[in-house]
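Hi,

Here is the structure I promised to pass on. Have a look, and my notes are underneath.

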Amino acid sequence: MINLLLSTVSSLELTGPPVHAARLGSDTRVPCPFTVDNPPVDLNHLTIFWYFRDKEVLSYDKTVRTTSPRYSLSTGVLVMGIANLNISNIQIPDGGMYKCSVIYGSEKKEKEVRLDIGET
């Protein structure tokens, strides 16, 4: 049983830049790419949380739940290891530190990304 679990759920790594820039009023994707040892990603073993200022703003566990209609997640690319947070109509208060938390099987990794807002 343990060997079967290890072979179906593989090692998890989060990659991507620590800073992301967006233009005021635009739509953006805060990056959270991740890799597993044996792609494609098995969505049955995947859970994702996005936090902004230490408050959960989006979660995914077979369905997406958000605290605002401005936040979304493209579920079609999760199997490729892309868990980007989509934010529509970027405003000055959206700037700051975001945290992506990916759980794959029994592994959990987190990565912080600072979102910088620029003028149009």
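Below is what turned up, starting with the core.

This is a predicted model, so local features need pLDDT of at least 70 and side-chain atom pairs pLDDT 80 or more, while totals for chains, interfaces and linings use all residues. Residues are numbered from 1 along each chain as its sequence is written, and side-chain values use heavy atoms, without hydrogens or water.

The largest nonpolar core (buried Ala, Val, Leu, Ile, Met, Phe, Trp, Tyr and Cys joined through side-chain atoms within 4.5 Å) has 28 residues, and Phe-34, Leu-46, Trp-50, Leu-85 and Tyr-98 touch the most other members. Among the strands (DSSP E runs of at least two residues, numbered from the N terminus) giving it two or more residues are S5 (46-52) and S11 (107-118). Nonpolar side chains do tend to be buried together in soluble globular proteins.

Asp-94 sits in the loop between S9 and S10 (96-104). Its relative accessible area is 5%, so it counts as buried (under 20%; exposed is over 50%, partly exposed in between, with a 1.4 Å probe and protein chains only). A polar atom of the Asp-94 side chain lies 2.7 Å from the backbone nitrogen of Gln-91.

Some backbone oddities to check:
- Pro-39 to Pro-40 is a cis peptide bond, omega near 0°, and Pro-40 is in the loop between S4 and S5.
- Arg-53, not a glycine, has a positive phi of about 55°; this residue is in the S5 to S6 loop and is exposed at 52% relative accessibility.
- Lys-62 also has a positive phi, near 75°, in the loop between S6 and S7 (64-66).

Cheers

Technical notes:
Helices (H or I, at least four residues) and strands (E, at least two) are DSSP runs, numbered from the N terminus. A polar contact is a pair of N or O atoms within 3.5 Å; within protein, one must be able to donate a hydrogen and the other to accept it, and residues adjacent in sequence count only if both atoms are side-chain atoms.
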